[in-house]
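Subject: Handing over the helical model

Hi there,

Here is the structure I promised to pass on to you. Have a look at it first, and then read on for what I found.

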Amino acid sequence: KDEILRLSLDPTLTVNVTQAADAIQLLAQNGLTMTQILDGAATSTVALQNAVGGEFSTSASIATSVMQQFNIDAKDMETAIDGITGVTVASKFDINDYGLAISQVGGVAAGTGVSLADLNTALAGTASQFNGGSDAGTSFKALLQRLSNPTKEMTTEMEKYGISLFDDTGKI
């Protein structure tokens, strides 16, 4: 209750009591703990929705996915929200496209060691080459999967030119 009131009274956020309650409920339904919600996920979700428009449900789903896929703490979500907003401002992708892209590539990117910041840069920089976020996410996922498991021919050529795609920890 206190968090709902705090969000609805925060002069930097545009949200009423009902929307704040809905955002918190959506975050909980998406698997966040109350501690995560209170430690910044709720504020970040409202800030994301305020920055990019759209529905609170979309912002809550994206915030939850990003937190879980890239292992981001709720208190660090402000930086993630800034990056997500940056993609929607610097490219033709809106928040729905971003959500579709993350749903396709987020897990693979995080699993191969690609940071959210690097993924956001790639999405923003190449958005004009894709019909939408789903296409971009699928294409990046295929690229990362191919790089993670190169063919024998690819490996031979990379070795020939001294190309290494991974650091000492196995991250791209």
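To start with a question: at what angle do helix 4 and helix 5 pack, and how far apart are their axes? The angle is about 120 degrees, and the axes lie 11 Å apart, with helix 4 covering residues 56-69 and helix 5 covering residues 77-90. The crossing in which helix 4 passes helix 5 is right-handed. On the helix 4 side the contact uses I62, A63, V66 and M67, and on the helix 5 side M77, A80 and I84. By class, that contact of helix 4 with helix 5 holds seven nonpolar residues, with no polar and no charged ones.

Before going further, please keep in mind that this is a predicted model.

**Overall picture**

The protein has nine helices and zero strands, so its pattern along the sequence reads α-α-α-α-α-α-α-α-α. Its C-alpha atoms fill a box of roughly 60 × 30 × 25 Å along the principal axes. Of the 172 residues, 38% are buried. If you take the contacts between residues at least 6 apart in sequence, 64% of them join residues at least 24 apart.

**Two more helix pairs**

Helix 3 (residues 34-52) packs on helix 4 at an angle of about 130 degrees, and their axes are 9 Å apart. That angle makes helix 3 oblique to helix 4. Here, too, the crossing is right-handed, as helix 3 passes helix 4. Helix 3 brings Q36, A41, T45, V46, L48 and Q49 to the contact, where they meet F56, S59, A60, I62, A63 and M67 of helix 4. Sorted by class, the contact of helix 3 with helix 4 has eight nonpolar, four polar and no charged residues. You may recognise I62, A63 and M67 in helix 4 from the contact with helix 5; they also appear in the contact with helix 3.

Towards the start of the chain, the axes of helix 1 and helix 2 come within 8 Å and cross at roughly 125 degrees. Helix 1 and helix 2 are therefore oblique to each other, and their crossing is right-handed. The residues involved are E3, I4, L5, L7 and S8 from helix 1, together with V17, A20, A21 and I24 from helix 2. By class, the contact of helix 1 with helix 2 divides into seven nonpolar, one polar and one charged.

**The nonpolar core**

In soluble globular proteins, nonpolar side chains tend to be buried together. In this model, the largest nonpolar core has 44 residues. Which residues have the most contacts inside that core? They are L7, V66, I84, Y98, L116, L119 and L123. At least two residues of this core come from each of helix 1 (2-9), helix 2 (17-29), helix 3, helix 4, helix 5, helix 6 (95-111), helix 7 and helix 8 (133-148).

Three of the residues named there are worth a visit in your viewer:

- L7 is in contact with L13, V15, A20, I24, A42, T43 and V46, leaving aside neighbours within four places in sequence.
- L119 sits in helix 7 (residues 116-126) and counts as buried because its relative accessibility is 3%. Apart from neighbours within four places in sequence, L119 is in contact with F70, I102, V105, A109 and V114. From L119 to G137, 18 residues apart in sequence, the C-alpha to C-alpha distance is 9.8 Å.
- L123 also lies in helix 7, and with a relative accessible area of 0% it is buried. Setting aside neighbours within four places in sequence, L123 is in contact with V87, F93, Y98, A101, A136 and F140. The C-alpha atoms of L123 and F93 are separated by 8.6 Å, although the two residues are 30 apart along the chain.

**One polar residue**

Is T88, in helix 5, buried or exposed? T88 counts as buried, because its relative accessibility of 16% is under the 20% cut-off. Not counting residues up to four places away in sequence, T88 touches V52, F93, D94 and I95. F93 is thus a shared partner, as it appears among the contacts of T88 and among those of L123.

Over to you, and enjoy exploring it!

Best wishes

Methods:
Residues numbered from 1 in each chain as written. Predicted model: local features only at pLDDT ≥ 70, side-chain atom pairs only at ≥ 80, totals over all residues. Heavy atoms only, no water. Axes fitted to C-alpha atoms, helices over the stretch in contact; angles between N-to-C directions. Helix = DSSP H or I, 4+ residues; strand = E, 2+ residues; numbered from the N terminus. Left-handed = near helix turned anticlockwise from the far one by under 90°. Contact = heavy atoms within 4.5 Å. Nonpolar A, V, L, I, M, F, W, Y, C, P; charged D, E, K, R; others polar. Buried < 20%, exposed > 50% of the residue type's maximum accessible area, 1.4 Å probe, protein only. Parallel < 35°, antiparallel > 145°, perpendicular 65-115°, else oblique. Core = buried A, V, L, I, M, F, W, Y, C linked by side-chain atoms within 4.5 Å.
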